[in-house]
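Reader: I should like to understand how the terms used for this structure are justified. Could we go through them one at a time?

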Amino acid sequence: MTIYILRRLVVLVVSLVLASIVIFALLRLLPGDPANALLGVGATDAQISAARAQVGSDQSIWQQFGIFLRQLVTFDFGRSFISNLPIGPEITARLVVTLPLTLLSFVLAVIIAVPLGIIAATKSSRWYGATISAASQLGIAIPVFWVGILLISWLALSAHLLPSGGFPRDDWKDPAAALRSLTLPVLTIAIVMSASLLRYVRSATLDVLGSDYLRTFRSLGGSFSGTLVRHGLRNGAVPVIAILGIELATTFLGAVVVESVFTLPGLGSMLVLGISQHDYPAVQGVLFVSTLFVLLVGFGADIAQRLVDPRLRDTVSGNRP
Amino acid sequence: MKQRYLLSGIGIATAIVLAGCSTTAPDSSGGGADSDATITIGSSYEPQNLDNTAGGGQGVSEALNGNVYEGLFTLTDKGEVVNGLASDFTKSDDGLTYTFTLQKDVKFHSGDPLTATDVKYSIDRVRAETSKSSRKSTFDNVKTIATPDDSTVVITLTSKSISLPYNLSYVWIMNDALKDPTTAEDGTGPYKLGTWKRGSSLSLERDADYWGTAAKNKEVVFTYFTDATALNNALLTNAVDIVTSVQSPDAIPQFENNADYKVNDGDSTTKEVLAYNDRVAPFNNVKVRQAISAAIDKKKLLTSVWGDYGTLIGSFVPPTDPWYEDLNSVNAYDPAKATALLADAGYPKGFEFTLDTPDYDPHPIVAEFLKSELAKVGITVTINTITADEWYTKVYQKLDFQATLQEHVNHRDIVFYGNPDFYWGYNNPKVTTLIDQSETSDTTDEQTAKLKEANEIIANDAASGWLYLYPQIVVAASNVTGYPLNGINSQFFAFNITKSA
């Protein structure tokens, strides 16, 4: 297991380096010059070249890459081309919104999806089992922004129960206010995310229900629910954990849309703004942190799988031998 | 003998109140205004940084101009220039030396007193090599700035400049001890900077020690939105009190028919322009340009984009410029005349051209409209959609275009037509001369006359197609009054805003 973790860590670092190179290269493929974002109609040639010097777009791509690598090693994301403010603190400030948003949505989605998914599988012949199953199909088909708009329309504009968007100016100083601001966005993500999670839980449960070991155990006199909890959950969890890892990563990245609908000052809105302004340091910083998050979640999911299923412990990938 | 101008002892704040009377929303007669209220303002323009000489963008003017920083002069919401931190000024007979006297007992927010060296420092920042101020070139003719004593600033010019006071209204006077103006402030205005939360909001707090009339509210919070619907929702749920500039007419009906809100229709300075490359055929032919002007039903276009809002002005000069005149009758809509002009110009069967169209509203809609209008007189338009960034490189810098659409936001920007090197390449020596002469005028009347004449020539030449003037729509909750309506140069003076409970 220790060797596995060490090997897995090496993979993590190599992935991070490769991802950084891709991030750098992709940004430079965008048409246009980042200096343009600093200029308005009426700029003189001198101002244009001054702007190019400020953002470094007058340097060769290799020089820019050298600066970028040096920044990564020192974990310093440089300064924004646009605001000239350091990127690192801004990312931290925005993580304060995006991380709770992601984690709360994830937890809520799991709370909704796991019991409903098991019910949908075990009671598939009953009307409510079938209804849950059908509703989850619908949930997968609905775009997340649409759910957000509907929730705003009902709970904010008509009922005046919750704010339609925004986040408190003092962040989490007043946790109740911050939670109120996050309620609708969290609900939005959780509803859509739980729909797809539910499908996975349901099919994993169905696999378990059809398995030989479960039949054997029941034939030895175990009760249906007791067997399911003692043996079914653990076996069913293995594929679900892999999916959970992917879902968590997707939620983090997908926060872009929800943050835009609810005007939350999170990482997603920083990324969108950064791209539109050609603010390379900001985009690189956000993508790097996102990549790191995704890789860490994948790492965590792999470890969790091995804790749950000892048969996997000697393998590198998540597949059973 | 020296001429004296604006010899008035009125403090700047009073002057603004007086000048602003007719253009700000009327005070509610009911009273009950809360002088300790927090006013929340919803805007789409977050500053990039806090320095207007470092590419801060229009958001920085909106939040800080007149609120946190003041100039020697102030441009009012009506477009008039009144005294600011200058209490008085004189101009020498040859028009080359301006002597400014500073208001007394003015302190920066840090507590430092305002002195002439701060003023010199501030003007020099705008003129500096590294300055990215859009107004930098307007100070090219400044020869020296002297500070004979703490309350006197003497500016010597190499050529006469009637617009100097106006141009100085763009220059923030800041403490020369301020280290990093991109992240901190030290101005003299009625508000101090509170907190700036990037991506979300910027707050201003009333300065108890302000030298002029104190702000009528305690705190102003600019809240920033990237999504127009989210901004409207915030107003509907009372999360914001005012929206500074509504960008689409779609959202207006829900406020128009609701007594809780007031929709204000002000004058913007933003012109939707069909800019030709006047250097290249067929647009180097004045008859072709006149034909296109005559072929476009601008009234119909404006209605389709903005409903009942917006104004047709027939030229590049909006009503808040002193040299405005209604030129809608010049090259007015007349498809028959357009066809005749095209034949005259040697294009009896029309021609084809590519219209570089920025990909954001309203340009794509406008482009489609132009395409169908011009097809009626035989002109085929190919729409080439580009990003704002590509526009800047392709059109503005490389001049690689036939025609393009662009919104021009600046106040008093007709002077662009006096520069033959500007992207649209309009080159009429008579106009260039008139615009140069207007700047060296001795009186504003003379300046106005010259620019009117120039504008008439530009309009007759159909140098560009001026499609319409954007409306400036401010929507506010009914219990809020005293906000500016025109938002000239993106300014949004907040100090007169009151909110009743």
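Author: Let us begin with the second largest pocket of this predicted model. Helix 2 (45-55) of chain A and, from chain B, helix 4 (164-168), helix 11 (388-397), helix 12 (429-439) and helix 13 (444-460) each supply at least two residues of its lining. The largest share, five residues, comes from helix 12 of chain B.

Reader: How many residues line the second largest pocket, and which lie nearest its centre?

Author: The lining has 41 residues, and Ser137(B), Thr138(B), Val415(B), Phe416(B) and Asn419(B) lie nearest the centre. By class, 14 are nonpolar, 18 polar and nine charged. The space in this pocket is about 1200 Å³.

Reader: Why is Leu18(A) called exposed?

Author: Its relative accessible area is 53%. The term exposed requires over 50%, and Leu18(A) is therefore exposed. This residue belongs to helix 1 (residues 2-29) of chain A.

Reader: What makes the nonpolar surface patch with Leu18(A)?

Author: Val10(A), Val13(A), Val14(A), Val17(A), Leu18(A) and Ile21(A) make this patch of about 510 Å². Membership requires over 30% relative accessible area; Leu18(A), at 53%, therefore meets that cut-off.

Reader: What makes up the lining of the second largest cavity, by class?

Author: Four nonpolar, four polar and four charged residues form the lining. Among them are Met270(A), Leu273(A), Gln48(B) and Arg198(B). Helix 10 of chain A gives the largest share, three residues. The cavity holds about 80 Å³ of space.

Note on methods
Residues are numbered from 1 along each chain as its sequence is written. Chains are lettered from A and ligands numbered from 1 in the order in which they are written. This is a predicted model: local features need pLDDT of at least 70, side-chain atom pairs count only at pLDDT 80 or more; totals for chains, interfaces and linings use all residues. Side-chain values use heavy atoms; hydrogens and water are left out. On a 1 Å grid over the protein atoms alone, a cavity is a set of points where a 1.4 Å probe fits but cannot get out, and a pocket is an open set with protein on both sides within 12 Å along at least five of seven lines; lining residues have an atom within 4 Å of a point. Grid points are joined across faces, edges and corners, and a volume is the space filled by probe spheres set on the points. Helices (H or I, at least four residues) and strands (E, at least two) are DSSP runs, numbered from the N terminus. Ala, Val, Leu, Ile, Met, Phe, Trp, Tyr, Cys and Pro count as nonpolar, Asp, Glu, Lys and Arg as charged, and the others, Gly among them, as polar. Patches are made of residues with over 30% relative accessible area and no salt bridge: like charges are joined within 9 Å, nonpolar side chains (Val, Leu, Ile, Met, Phe, Trp, Tyr) within 5 Å. Accessible areas come from the Shrake-Rupley method with a 1.4 Å probe; for residues, only the protein chains shown count as cover. A salt bridge is a side-chain nitrogen of Lys or Arg within 4 Å of a carboxyl oxygen of Asp or Glu. Buried means under 20% relative accessible area, exposed over 50%, partly exposed in between (1.4 Å probe, protein chains only).
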